Amino acid sequence: MEKSFVYGVAVTDYNFTGREEETRRLKQNFENGINSILISPRRWGKTSLVDHVCRQLENSNIITVRLDIFGCKSEYDFYNVLVAAVLKQTASKIQLWMDEAKDFLARLTPRINIPIDSTSEISVSLGITPETHSPEEVLNMVEVIAKRKDRHIVVCIDEFQQVGEFENSRSVQAKLRAAWQHHHYTSYCLFGSKRHMMSSMFLSRNMPFYQFGDLMWLQKIPISDWTDYIVSHFESAGRRISNETAIKICESVDLYPSYVQHLASIVLNNTPVGETATAEHLPSAIKELISTNEALYMQQIEPLSGYQMNLLRAVVSGIHSGYNEKKVRSQFDLGSPSNIVRLRDALIERDLLFSEMRQLYPTDPVFSLWFKQRFL
């Protein structure tokens, strides 16, 4: 049985809505071997979009490899995760021993656990080190496999901003770019949850990944798509909701995909089967949504200095620019103009604020609602 609304994880086709143009464009990139970079705020559905496109290509001549590198702390952590994902997702159990991996694994003593249950995943532990393999050899392995199979491979790397955290990150990025730009059988889809870091890596002219591929900025899903989705899913769950109330759900969380799903789920669960959800359900549902996330929000502000909290207060209260003006600095106790630059950069680094057209905005609309209640 399909869940009516899903949040906090990548969604399946039943819970996937909108993104028709993004799906078409990304699928076309995969089919044509064009590298793709996705940038958006966290929890806007980048992973769901990539998974959605990958599922559409399952019966094609294209092999998609998906991996998440959030846990990688170093260059060779990344190489181990990359190679394990490529081997697991491009080779059958027999091929893993007899074909794809034999050349690459010759200098290793890999641990490959092939379960008896055909539905379970193969476990691959490689132990790749600078002594066993050079970066170039690791990075070109997927191209070698693609050539052998005479099929195109698309490698989709989630949380790619982690590469920016590695020691000697710029040098690592240069190695990746130098290898990947010469691949003809392999292309790459790179995306991550920290917009400012992804922007720095792919939009700065002096960075290795500048103009690496088709840069896609994900926009908000239109409210009309959300309305149809919410109304139909309420009907499937044996409840009713008007278009107007569905619109209010979306507007309450500023069309933020994960929160639209979460808030709609709360309203649905608070509506008995056979009855109609109304706008009167929303205040208590929003309160529950805020309460559910409060521990996370407290964790996010705990490390902040007093001055950083003050700038956050200014932005959440609706002041998006002009922080150097004496009146604003005095009202919110922001310190000197030079101090404001450091405060801004620190809050952007923590992903609490984002900058657009020289103005600052809260990254998370529900965090903003919580912050207003607690600190304004």
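Student: Where does Asn80 sit?

Tutor: In this predicted model, Asn80 is in helix H3, residues 75-90.

Student: What makes the link between the side chain of Asn80 and the backbone oxygen of Tyr76 a polar contact?

Tutor: Set the value against the cut-off: the side chain of Asn80 reaches that oxygen at 2.8 Å, and a polar contact needs N or O atoms within 3.5 Å. So it counts.

Student: And which backbone nitrogen lies 2.8 Å from a polar atom of the Asn80 side chain?

Tutor: That's the one of Ile128. Leaving aside neighbours within four places in sequence, Asn80 is in contact with Leu126, Gly127 and Ile128.

Student: Okay, on to strands. Why are S2 and S5 said to pair?

Tutor: Pairing takes at least two bridges, and S2 (residues 62-68) has 7 of them with S5 (residues 152-158), in the parallel sense. Therefore they pair. One example is Ile62, whose bridge partner in S5 is His152.

Student: How do you know that S2 is mostly covered?

Tutor: Count the buried residues, meaning those under 20% relative accessible area: 5 of the 7 residues in S2 are buried.

Student: Which residues touch the most other members of the largest nonpolar core?

Tutor: That core has 53 residues, and the ones you want are Ile230, Phe234, Ile249, Leu263, Leu312, Tyr323 and Phe367. Helices giving it two or more residues include H8 (223-236) and H15 (365-375). Apart from it lies another core, of 41 residues, among them Val155 and Phe212.

Student: What does Tyr323 touch, beyond four places away in sequence?

Tutor: Its partners include Leu311, Val328, Ile340 and Leu360.

Technical notes: Residues are numbered from 1 along each chain as its sequence is written. This is a predicted model: local features need pLDDT of at least 70, side-chain atom pairs count only at pLDDT 80 or more; totals for chains, interfaces and linings use all residues. Side-chain values use heavy atoms; hydrogens and water are left out. A nonpolar core is a set of buried Ala, Val, Leu, Ile, Met, Phe, Trp, Tyr and Cys residues joined through side-chain atoms within 4.5 Å. Buried means under 20% relative accessible area, exposed over 50%, partly exposed in between (1.4 Å probe, protein chains only). Helices (H or I, at least four residues) and strands (E, at least two) are DSSP runs, numbered from the N terminus. Contact means heavy atoms within 4.5 Å. A polar contact is a pair of N or O atoms within 3.5 Å; within protein, one must be able to donate a hydrogen and the other to accept it, and residues adjacent in sequence count only if both atoms are side-chain atoms.
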